[in-house]
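Hi everyone, thanks for coming. I'd like to walk you through one protein today, so have a look at the screen.

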Amino acid sequence: EGVCRGENGVLVLTDNNFETFIEGKDTVLVEFYAPWCGHCKQFAPEYEKIAQTLKENDPPIPVAKVDATVATTLASKFDVSGYPTIKILKNGEPLDYDGDRSQSGKST
């Protein structure tokens, strides 16, 4: 279908192709980043390594990234306030990837 452009195993998602992409997938890893964010640039090679590892998982787990400065609808939907923010989507429901943050659980 060609909706997703890939960079080193990491798919690039936008407001337009996100829903189509996550449809029917159990688990997806998504990074929200900003092009000007230094931490994001440093983290990029690590994230690509994660993507390669998860691709070999059984079943493979797709790894994607979203430019939060462009995909503002997605960024606000997932309450992205800092960069990079990584979410694990389980059947479309977001979980924080980050160990210490997930201790607090979900605030509703």
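Let me start with a question: among contacts between residues at least 6 apart in sequence, what percentage join residues at least 24 apart? For this protein the figure is 68%. Keep in mind that what you're looking at is a predicted model.

On confidence, the mean pLDDT of the protein is 85, with 83% of its residues at 70 or more. Residues 99–108 are another matter: pLDDT is below 50 there, and the stretch makes four contacts in the model beyond near neighbours in sequence. Where pLDDT is low, the predicted coordinates shouldn't be read in detail. I'll leave that stretch alone, then.

Now the layout. We have four helices and six strands, and starting from the N terminus the order is β-β-α-β-α-β-α-β-β-α. There are 108 residues, of which 34% count as buried. The protein exposes about 6700 Å², and carbon and sulfur atoms supply 49% of that.

The element I'd like to spend time on is strand S3, residues 27–33. How many of the residues in S3 are buried? Seven of seven, so to speak a mostly covered strand. In a regular strand, side chains alternate between the two faces of the sheet. Here, Thr27, Leu29, Glu31 and Tyr33 point one way, while Val28, Val30 and Phe32 point the other way. Both sets are buried, and yes, that includes Glu31.

Who are the partners of S3? On the one hand there's strand S5, residues 85–90, which pairs with S3 in the antiparallel sense over six bridges. Val28 stands opposite Leu89 in that pairing. On the other hand there's strand S4, residues 63–67, which runs parallel to S3 and is joined to it by five bridges; Leu29 stands opposite Val63 there. Add helix H2, residues 38–55, and you get a right-handed β-α-β unit made of S3, H2 and S4.

Let's follow S5 onward. Strand S6, residues 93–96, runs antiparallel to S5, with four bridges joining them. Leu89 turns up again here, with Pro94 as its bridge partner in S6. The hairpin of S5 and S6 has two residues between the strands, and Asn91 takes a positive phi near 50° in it.

Next, the packing. Which residues have the most contacts inside the largest nonpolar core? They are Phe18, Val30, Phe32, Val66, Leu74, Phe78 and Leu89, in a core of 16 residues. Helix H1 (18–22), S3, S4 and helix H3 (72–77) each supply at least two residues of this core. A second, separate core has eight residues, among them Val10, Leu29, Tyr47 and Ile61. Put that next to S3: Val30 and Phe32 belong to the largest core, and Leu29, which points the other way from them, belongs to the second one.

Phe78 is worth a click. Leaving aside neighbours within four places in sequence, Phe78 is in contact with Phe18, Phe32, Lys87, Leu89 and Pro94.

One last stop: Asn8, in the loop between strand S1 (5–7) and strand S2 (10–13). Not counting residues up to four places away in sequence, Asn8 touches Glu48 and Gln52. Asn8 and Ala51 are 43 residues apart in sequence, but C-alpha to C-alpha they are 8.2 Å apart in space.

That's my tour. Thanks for listening!

Key
Residues numbered from 1 in each chain as written. Predicted model: local features only at pLDDT ≥ 70, side-chain atom pairs only at ≥ 80, totals over all residues. Heavy atoms only, no water. Buried < 20%, exposed > 50% of the residue type's maximum accessible area, 1.4 Å probe, protein only. Pairing = 2+ DSSP bridges. Right-handed = clockwise from strand over helix to strand, strands pointing away. pLDDT = per-residue confidence, 0-100. Contact = heavy atoms within 4.5 Å. Areas by Shrake-Rupley, 256 points an atom, 1.4 Å probe, with all protein chains shown as cover. Core = buried A, V, L, I, M, F, W, Y, C linked by side-chain atoms within 4.5 Å.
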